[in-house]
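Could you walk me through this structure in my viewer, telling me what to select next and what is there? I work at the bench, so a friendly tour would suit me well.

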Amino acid sequence: MAKGNKRKFGSFRYPIARLENDSDYLEIKVVEYQAPGFETGGDGQALRLQTSSESLKKNKEDILGTIFLPVPEAVTDSNGVSWGENTLNGLEAAGLGMITGMITADTVGSGLQEGGEKASKTIKQLTGDKGSISAINSIFASAAVGALGGTSSPESILARQSGSILNPNMELLFNGVQLRSFSFDFDFAPRDENESTEIKKIIRAFKTSMNAKNGSGGDDQTSGLFVKSPDVFQLTYKTGRKNHQFLHKFKPMALLNMAVNYTGAGTYATYDNTAPVHMKVNLSFQELNPIYSEDYETEEGKEGTGF
């Protein structure tokens, strides 16, 4: 992409020191974002859409630049999924069973017949249980109270009437996946003018890449009707030229927030070139896609502790 190529900045590194074969560091690639679109995933799953991570790999990651930083003092990863309480009482289950039987029947006639048989069987079971009759009466009583402007629920009426409630059949059920977030803190203390210049370039690279683009600059100026996505980041812990063989991996991430403290030592002080003597930078990232169990079986996921 022509515009992306004009924004390439090569590589920056802090501290400015030679990286040896046993040097551990954090590699941050700045990559032009690729929208996932509506294509299906390439794993034979016809109803699963392609992810942003897959789109980046498919387009061979238009890398704008690379930033090399020390491994942060706090190296952590956290994996999580969402679970939640769910209830289904016996009356709801009975109704669901009747409807399911009618829907899954081969013909309309057999569906109505099966629904009628299940309804008849359910009514017999309910009328033979005093608790069920009380529950049904409570439902009607709640509806009558509601029509008069009341707010009593069937459960509260049943509890007042009989001292019992419908068995909720409570279960903890899976609700969904989560996106992982990572926060990194870096200390920048330039030792000479070259290092202070490199730090300034690193800060500018992060700021430029994390923000959206309105298309107002360069030769490809647009009408301004749309705003283009910011760049994204691929982080990798490295040892020399190889991936770190123990620490966790990352999926491509967006930089959500960047905070720069130019008085890292607690007081304002600068060198002759106006560069602060100590700066602190906090970067807050979030992955573009959730982690799945199958990710640990990929080539990348088999390295170290996986994702």
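## A tour by selection

Start with Asn169, which is partly exposed, at a relative accessible area of 38%. Keep in mind as you go that this is a predicted model. Asn169 sits in the loop between α6 (154–162) and β5 (171–177). Check its backbone too: phi of Asn169 is near 50 degrees, a positive value in a residue other than glycine.

Next, select Thr274, in the loop between β9 and β10. Here phi is near 75 degrees, again positive in a residue other than glycine. Thr274 counts as exposed, with 60% relative accessibility.

Now go to the loop between β1 (10–13) and β2, where you will find Pro15. Show the backbone: the peptide bond joining Tyr14 and Pro15 is cis, with omega about -5 degrees.

For the interior, select Leu69, Phe188, Phe206 and Leu235. These are the residues with the most contacts inside the largest nonpolar core, which has 29 residues. Elements giving two or more residues to this core include β2 (24–31), β3 (63–69), β6 (181–188), α7 and β7 (232–239). The largest share, six residues, comes from α7. In soluble globular proteins, nonpolar side chains tend to be buried together.

Finish on helix α7 (residues 193–210) by selecting Arg204. Arg204 is exposed, at a relative accessible area of 57%. Add Lys200, Lys201 and Lys207 to the selection: together with Arg204 they gather in a patch of positive charge on the surface.

Note on methods. Residues are numbered from 1 along each chain as its sequence is written. This is a predicted model: local features need pLDDT of at least 70, side-chain atom pairs count only at pLDDT 80 or more; totals for chains, interfaces and linings use all residues. Side-chain values use heavy atoms; hydrogens and water are left out. Patches are made of residues with over 30% relative accessible area and no salt bridge: like charges are joined within 9 Å, nonpolar side chains (Val, Leu, Ile, Met, Phe, Trp, Tyr) within 5 Å. Accessible areas come from the Shrake-Rupley method with a 1.4 Å probe; for residues, only the protein chains shown count as cover. A salt bridge is a side-chain nitrogen of Lys or Arg within 4 Å of a carboxyl oxygen of Asp or Glu. Lys and Arg count as positive and Asp and Glu as negative; His and the chain ends are not counted. The place of a charge is taken as NZ of Lys, CZ of Arg, CG of Asp or CD of Glu. Helices (H or I, at least four residues) and strands (E, at least two) are DSSP runs, numbered from the N terminus. Buried means under 20% relative accessible area, exposed over 50%, partly exposed in between (1.4 Å probe, protein chains only). A nonpolar core is a set of buried Ala, Val, Leu, Ile, Met, Phe, Trp, Tyr and Cys residues joined through side-chain atoms within 4.5 Å.
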